[in-house]
Amino acid sequence: MTDSLNIVILTGAGISAESGIKTFRDTGGLWETHAIEDVATPEAYARDPKLVQHFYNLRRAALKEVEPNAAHIALGRLQAEHKGRVTIVTQNVDDLHERGGAKDVIHMHGELLSCLCSACGWRWNHSDDVSVEDKCPACQTVGGPRPDIVWFGEMPYEMGRIEEAVRGCDLFVSIGTSGAVYPAAGFVQMARSLGKQTLELNLEASEGSHFFHESRLGPAGTLVPEWVDEVLT
């Protein structure tokens, strides 16, 4: 494999599952105990902000109890050592890529360790609980801080930058994704239409497996380090 390839990597819940973070769709996942319409829409937040804040406070606290796994660490190594450009785009809201060594990660669905003011749009890093009584540090609006999470019905972040990266890549890789959530699920189709090589690394075949030139199935903690070794050697 050419050592100067430009690579775009899309990661999903499957890459963090081995660190102990529950996925949304698996048995025992988060949506079995919380309905999407109750905790992951703007309407839910308007209806019951205390419930929504509590849900994300629990997720934020749980994040402190887990560590990056071999897949996160391998991608951090790839980004540090590969001569070509490596763009990591994640649907995950955790910080495990960064803790695994990645220096530049596009969080298209937002970040747990960030707040967004619903009044003025200010964003800031925040790792503790958030309350409906809290003030925005920028505009001082009480109740302004909300989770900096892209909820269902909202536009993912940095779509222009992501699409530009896909257009400029030589290889598009999808890791640990279901292939069911758009617009992320459409990136492989965009890559294929532009003549890019495509690779899937997943525990099982995703809904969009047929769009990939190659699909390798197995745990991310095994597949990703093996693939990174191939790229770097």
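In this predicted model, K50 has a relative accessible area of 57% and is therefore exposed. The residue belongs to helix α4, which covers residues 49-63. Beyond its neighbours within four places in sequence, K50 is in contact with V132 and E133. V132 stands 82 residues away from K50 along the chain. The C-alpha atoms of K50 and V132 are nevertheless separated by 6.4 Å.

L75 presents the opposite case of exposure. Its relative accessibility is 0%, so L75 counts as buried, the limit being under 20%. L75 is placed in helix α5. Its contacts, leaving aside neighbours within four places in sequence, are I9, T11, I15, I88, H97, I175, V224, W227 and V228. I9 is 66 residues from L75 in sequence. In space, the two lie 9.0 Å apart, C-alpha to C-alpha.

Helix α5 as a whole was examined next. It has 12 residues, which should span 16 Å at 1.5 Å a residue. The end C-alpha atoms of α5 are 16 Å apart, in agreement with that expectation. Buried in α5 are A71, H72, A74, L75, G76, L78 and Q79. The cover over these buried residues includes three strands, β1, β2 (86-90) and β7. It also includes the helices α1, α6 (96-99) and α9.

Helix α9 runs over residues 220-232 and has 13 residues. From first C-alpha to last, α9 reaches 18 Å. This is close to the 18 Å expected at 1.5 Å a residue. The buried residues of α9 are A220, G221, L223, V224, W227, V228 and V231. Seen down the helix axis, the buried residues of α9 fall within an arc of 170 degrees, so they line one face of the helix. Among the elements that cover them are the strands β1 (7-11), β7, β8 (197-202) and β9 (214-217). The helices α1 (13-17) and α5 (70-81) also contribute to the cover of α9. Helix α9 thus appears in the cover of α5, and α5 appears in the cover of α9.

Strand β1 contains I7. I7 has 2% relative accessibility and therefore counts as buried. Not counting residues up to four places away in sequence, I7 touches H82, R85, V86, T87, L171, V173, W227 and V231. Two of these, W227 and V231, are among the buried residues of α9. W227 is also in contact with L75. Sequence separation alone does not bring residues together. I7 and Y45 are 38 residues apart in sequence, and their C-alpha atoms are 37 Å apart in space.

The model was also searched for internal cavities. The count comes to one cavity of 30 Å³ or more. The largest cavity has a volume of about 110 Å³. Its lining is made up of 16 residues, and the closest to the centre are S174, T177, G179, A184 and A185. β7 (171-175) and α8 (187-193) each supply at least two residues of this lining. By class, the lining holds nine nonpolar residues, seven polar residues and no charged residues.

Backbone geometry was considered last. Most residues other than glycine have a negative phi, and most peptide bonds are trans. Three sites in the model depart from these patterns in the ways described below. The peptide bond from Y182 to P183 is cis, with omega near 10 degrees. P183 is placed in the loop between β7 and α8, and those two elements each supply at least two residues of the lining of the largest cavity.

The other two sites concern phi. Q140 is not a glycine, yet its phi is positive, at about 65 degrees. The residue sits in the loop between β5 (123-125) and β6 (145-149). With 45% relative accessibility, Q140 counts as partly exposed. E158 likewise has a positive phi in a residue other than glycine, here near 55 degrees. Its place is the loop between β6 and α7 (159-167). E158 has a relative accessible area of 38% and is partly exposed.

Technical notes. Residues numbered from 1 in each chain as written. Predicted model: local features only at pLDDT ≥ 70, side-chain atom pairs only at ≥ 80, totals over all residues. Heavy atoms only, no water. 1 Å grid on protein atoms, 1.4 Å probe; cavity = no way out; pocket = protein on both sides within 12 Å on 5 of 7 lines; lining within 4 Å. Points joined across faces, edges and corners; volume = space filled by probe spheres on them. Helix = DSSP H or I, 4+ residues; strand = E, 2+ residues; numbered from the N terminus. Nonpolar A, V, L, I, M, F, W, Y, C, P; charged D, E, K, R; others polar. Expected span 1.5 Å × (residues − 1). Buried < 20%, exposed > 50% of the residue type's maximum accessible area, 1.4 Å probe, protein only. Arc of directions from axis to C-beta. Contact = heavy atoms within 4.5 Å.
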